[in-house]
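These are my notebook entries on a single structure. I set down what I looked up, in the order in which I looked.

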Amino acid sequence: LATVIEAVVIYQLARVVGGIMSLTSAETVFLGAMIMISSSAVIIKVLAQIGVTHEKPGQMAMGIFVVEDVIAVLLLTGLSSYASLAGAHAQSAPLGHTLMLLSAFVVLVGIAGVLFLPWVLKKLSLTGGAELPTLVQAGLLFILATAAQKAGFSLALGAFLLGAIVADTPQRTQIDRTFEGLRDVFSAVFFVAIGMLIDVKSVLYSWQFVLLVSVLALVGRALACSVGLLIT
């Protein structure tokens, strides 16, 4: 509930910033969607470094960003699919149609994954070595992510669904341990790659907008989270 209230407050603040910068309604929605989401990889490291992972504030923060991750997948899927479908048909794609396709994809993958994946992981844990389960899990991850993209959705949707299914299997701890080092490497590569996409020269011409968005991200998010938690 606090996360939902936070998202609503941030969206209203994004509308204010969008009005100041004369953004269109679509641009304002994308701005609000960006500010609604925090980086779970960064938050986990910060909480661990200051030693509050298992304290109440840390647990509350993790509870919020877990829900934010779910919202992020829905936003990535909804916004990117809406934009791609609109571009493909040169007209506005009906949101109801996009949500219907999304629901069908999630249900289909969920049913197939629950029926198939636990059985495969159990067989591999009994008959395969350490390398074979890792390769199969990585292969399934790429297959499901590619399937989501081919269906017109975000890559993150396929990866998220596989993670949600694996999280309910007895092999979860082993899989976490196997992919921990790879996760850290990709986290570093991800942030460096995103940073390299920034055109520093364009920042000089848009410094007012950058300043407003920075204030919205730093002050607006803290305000929105506080309001959500106080209300709940």
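Entry 1: the beginning of the chain. I first listed the buried residues of α1, which are Ala-2, Thr-3, Ile-5, Glu-6, Ala-7, Ile-10, Ala-14, Val-17 and Gly-18. I note here that the model is predicted. Helix α1 covers residues 2-20, 19 residues in total. I checked its span: from the first C-alpha to the last it reaches 27 Å, close to the 27 Å expected at 1.5 Å a residue.

Entry 2: the residue after the helix. What phi does Ser-22 take, just after α1? I found a positive value of about 60°, although Ser-22 is not a glycine. Ser-22 sits in the loop between α1 and α2, the latter covering residues 25-36. I then asked whether Ser-22 is buried or exposed. Its relative accessible area is 64%, and exposed means over 50%, so Ser-22 is exposed.

Entry 3: the nonpolar cores. I looked up the largest nonpolar core and found that it has 14 residues. Phe-105, Leu-117, Leu-157 and Leu-161 have the most contacts inside it. Three elements give two or more residues to this core: α5 (95-127), α6 (131-150) and α7 (155-166). A second, separate core has 10 residues, among them Ala-7, Ile-10, Val-213 and Ala-224. I recognised Ala-7 and Ile-10 from my list of buried residues in α1. As background, I recorded that nonpolar side chains tend to be buried together in soluble globular proteins.

Entry 4: a nonpolar patch on the surface. I next turned to nonpolar residues at the surface. Val-42, Val-46, Ile-50, Phe-190, Phe-191, Ile-194 and Leu-197 form a patch there, with about 660 Å² of accessible area together. Which helices each supply at least two residues of this patch? They are α3 (40-49) and α8 (172-196). The largest share, three residues, comes from α8. Ile-194 lies in α8, and with a relative accessible area of 41% Ile-194 is partly exposed.

Entry 5: the aromatic pair. How many aromatic pairs does a search of the whole structure find? The search finds one. It joins Phe-190 and Phe-191, whose ring centres are 5.2 Å apart. Their planes stand at 75°, and an angle over 60 counts as edge-to-face, so I entered the pair under that heading. Both residues belong to the surface patch of Entry 4. Phe-190 is partly exposed at 46% relative accessibility, and Phe-191 is partly exposed at 39%.

Methods
Residues numbered from 1 in each chain as written. Predicted model: local features only at pLDDT ≥ 70, side-chain atom pairs only at ≥ 80, totals over all residues. Heavy atoms only, no water. Patch = residues over 30% accessible without salt bridge, like charges linked within 9 Å, V, L, I, M, F, W, Y side chains within 5 Å. Areas by Shrake-Rupley, 256 points an atom, 1.4 Å probe, with all protein chains shown as cover. Salt bridge = Lys/Arg side-chain N within 4 Å of Asp/Glu carboxyl O. Helix = DSSP H or I, 4+ residues; strand = E, 2+ residues; numbered from the N terminus. Buried < 20%, exposed > 50% of the residue type's maximum accessible area, 1.4 Å probe, protein only. Expected span 1.5 Å × (residues − 1). Core = buried A, V, L, I, M, F, W, Y, C linked by side-chain atoms within 4.5 Å. Phe/Tyr/Trp six-rings, centres within 6.5 Å; stacked < 30°, edge-to-face > 60°.
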